[in-house]
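Trainee: I am new to this structure and would like a close look at a single part of it. Please take the place where the two chains meet, and then what lies on either side of that place.

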Amino acid sequence: MYDFKYEKPTDVAAAVASLGADMEAKALAGGQTFIPVLKQRLNKPTVVVDLSKLGLTGITVTPTSVTIGAMTTHGTVAESEEVKKAIPALAHLAGLIGDNAVRHRGTIGGSLANNDPSACYPAALLALGGTVTTDRRTITAGDFFQGMFTTALEQGELITSVSFPVPEKAAYAKFRNPASRYAMVGVFVAKLAGGVRVAITGASQGGVYRHTQFEQALSKNFAPDAIKDITTPSDGLNSDIHASAEYRAHLIGVMTKRAVLAC
Amino acid sequence: MPSVTLTVNGKSHTVDIEARTLLVELLREKLSLTGTHVGCDTSQCGACVVHVDGVSVKSCAMLALQAEGTDVLTIEGLAAADGTLHPMQEAFREHHALQCGFCTPGMVMSAIDMVMAHPEGMTEEDIRHNLEGNLCRCTGYHNIVKAIAAAWPVMHGKELVAAE
Ligand SMILES: Cc1cc2nc3c(=O)[nH]c(=O)nc-3n(C[C@H](O)[C@H](O)[C@H](O)COP(=O)(O)OP(=O)(O)OC[C@H]3O[C@@H](n4cnc5c(N)ncnc54)[C@H](O)[C@@H]3O)c2cc1C
Ligand code: FES
Ligand code: FES
């Protein structure tokens, strides 16, 4: 790892100022992605700004929404009785990320900012139609994700919290890579007042996306059978040592049916 | 050079380090606590698991500076001063839960964390799920699972009745 200057500011304004003052400054949340990246020398920041003392943790639940501070760990979300009651699928998803030690450190803000094409939270945010709040604005899920490892965040812009509307029903079905535990295909299905939304992670070269054909079919008939005649083309899907694009295309249908069943 | 102050196995330390120093490097290279191992570059093997403020973390994926002011427990801090093993270490020995021993420090630290986090009881399946972050190339895991189930009643002072 290259050396860097380390800062641990105690308020958001100071962190944003540090990150804004230097194009090569980077934020550090749980470090579960960023530290391995630094170890491999894939990134050479001049300054690392630790976000742990900004007071960005905590969960607020209202009858219509769940709002989670950016630095809240996956473990905290997975175990939160309030989240389990309001959006059980979200707690379930958090509990499927990595392993205990990863969940003790990894954060929701870090996961969304990173937008790994195999990450879980992006599917929840997109399917539920949630919003990302930063130090300067609020961004809808549809605008936030801009292709794998790419988001609407500007240089130095910090996620402060993430908000999810409470759906009628929702479920997340994940086919895990048994070694890394990332999603080979993960499907988040949400039944909202305005219809059904289906977000797919792990599969596409473009990162998380909505499966509009499934959404239309499921909005008419919310049952696994509703999508049985829809084939998902394998164009643009990932192909790697873990699974071919064709296999992923097949898994998208299977995991969507499982998610609908689990709703 | 930055410095970090933290408690390791009950003893306070202040050490000058480069900012890029990992917690595992601080433990192994600065404090000579070589029980904590490094088995991978991908945060997957769990050989480096220690407790920071009472919960398991991968010390290869944390900067030493992030541990400022925390209480760290490593495998060296488990046995009593007279050498009496921690119930989890004793159970690993009793149930032959190690062969080469490379994964063992991380296994034991993860095992203690999961038992403490589940006072309501654990099924064999729960134990296996909670071991997802720890890889063992020797044992095939069966005896590790048995050892954890055997340590649970000793650590909680009651019988292990698997919760539903
Ligand atoms: C073994 C292993 C298994 C994993 N399995 C899964 C899995 O199954 N599913 C899954 O979804 N993820 C998985 N992960 C990734 C894990 O969820 C990470 O915690 C997460 O991707 C990054 O979160 P972090 O808090 O660790 O962020 P960091 O690693 O600290 O940061 C990641 C990136 O986000 C930026 N960033 C962090 N916080 C903010 C913020 N508030 N505002 C703006 N930018 C920010 C950082 O600058 C950095 O570029 C796994 C990781 C490991 C090591
Ligand atoms: S050394 Fe493998 S997870 Fe830390
Ligand atoms: S005992 Fe050898 S790796 Fe586990």
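Mentor: This is a predicted model, and the two chains are best introduced by their domains. In chain A, the domain assignment gives domain 1 as residues 5-50 and domain 2 as residues 59-262. In chain B, the assignment gives domain 1 as 3-77 and domain 2 as 87-156.

Start with the contact between the chains. It takes 27 residues from chain A and 23 residues from chain B. The two chains bury about 2,200 Å² between them, and 52% of that is on carbon and sulfur atoms. On the chain A side, A:Lys39, A:His104 and A:Arg105 lose the most area to chain B, and together they account for 23% of what that side buries.

The pairs that cross this contact can be counted. There are two salt bridges between chain A and chain B. One pairing of this kind joins B:Lys58 to A:Asp99, whose side chains meet in a salt bridge at 2.6 Å, N to O. In general, side chains of opposite charge can pair when their charged atoms come close. Polar contacts between chain A and chain B number 10 residue pairs, with both residues at pLDDT 80 or more.

On the chain A side, the elements that give two or more residues to the contact with chain B are α2 (34-39) and α6 (100-105). Of the elements of chain A, α6(A) gives the most to that side, with five residues. By class, the residues on the side of chain A that touches chain B divide into 11 nonpolar, seven polar and nine charged.

Ligand 1 also belongs to this picture. Residues from chains A and B surround ligand 1, so the site is shared between chains. In total 34 residues surround ligand 1, and the closest are A:Ala27, A:Phe34, A:Thr107, A:Cys120 and A:Arg181. For A:Cys120, a polar backbone atom is 2.7 Å from an oxygen atom of ligand 1. A:Ile159 has a backbone N or O atom 2.9 Å from a nitrogen atom of the ligand. A:Lys174 comes in through its side chain, where an N or O atom is 2.8 Å from an oxygen atom of ligand 1.

Next, look inside chain A. The centres of its domain 1 and domain 2, taken over C-alpha atoms, are separated by 26 Å. At their contact, 12 residues of domain 1 of chain A meet 14 residues of domain 2 of chain A. These two domains bury about 970 Å² between them, with 66% of it on carbon and sulfur atoms. Within domain 1 of chain A, A:Val16, A:Ala29 and A:Gln32 lose the most area to domain 2 of chain A, together 42% of what that side buries. Across this interface the rule finds zero salt bridges, while three residue pairs are in polar contact, both residues at pLDDT 80 or more. Helix α1 (residues 12-21) of chain A gives the most to the side of domain 1 that touches domain 2, with four residues. The residues of that side divide into eight nonpolar, three polar and one charged.

Chain B can be read in the same order. The C-alpha centres of its domain 1 and domain 2 lie 21 Å apart. Here 18 residues of domain 1 of chain B are in contact with 13 residues of domain 2 of chain B. The two domains of chain B bury about 1,200 Å² between them, 60% of it on carbon and sulfur atoms. B:His37, B:His51 and B:Ile75 lose the most area on the domain 1 side, together 40% of what that side buries. Between these domains there are zero salt bridges, but six residue pairs are in polar contact, both residues at pLDDT 80 or more. The elements giving two or more residues to the domain 1 side are β3 (49-52) and β4 (55-58) of chain B. By class, that side has eight nonpolar, nine polar and one charged residues.

Last, the salt bridges of the whole structure. Over all chains there are 15. Among them, the side chains of A:Glu168 and A:Lys191 meet at 3.2 Å, N to O. A:Glu168 lies in the loop between β8 (159-165) and β9 (169-176) of chain A and A:Lys191 in strand β10 (residues 183-192) of chain A, so this pair ties together parts that are 23 residues apart in sequence.

Technical notes
Residues are numbered from 1 along each chain as its sequence is written. Chains are lettered from A and ligands numbered from 1 in the order in which they are written. This is a predicted model: local features need pLDDT of at least 70, side-chain atom pairs count only at pLDDT 80 or more; totals for chains, interfaces and linings use all residues. Side-chain values use heavy atoms; hydrogens and water are left out. Domain bounds come from an automatic or database domain assignment. Contact means heavy atoms within 4.5 Å. Buried area is the accessible area (1.4 Å probe) that two parts lose on being put together, summed over both. A salt bridge is a side-chain nitrogen of Lys or Arg within 4 Å of a carboxyl oxygen of Asp or Glu. A polar contact is a pair of N or O atoms within 3.5 Å; within protein, one must be able to donate a hydrogen and the other to accept it, and residues adjacent in sequence count only if both atoms are side-chain atoms. Ala, Val, Leu, Ile, Met, Phe, Trp, Tyr, Cys and Pro count as nonpolar, Asp, Glu, Lys and Arg as charged, and the others, Gly among them, as polar. A residue is near a molecule or strand if one of its heavy atoms lies within 4 Å of it.
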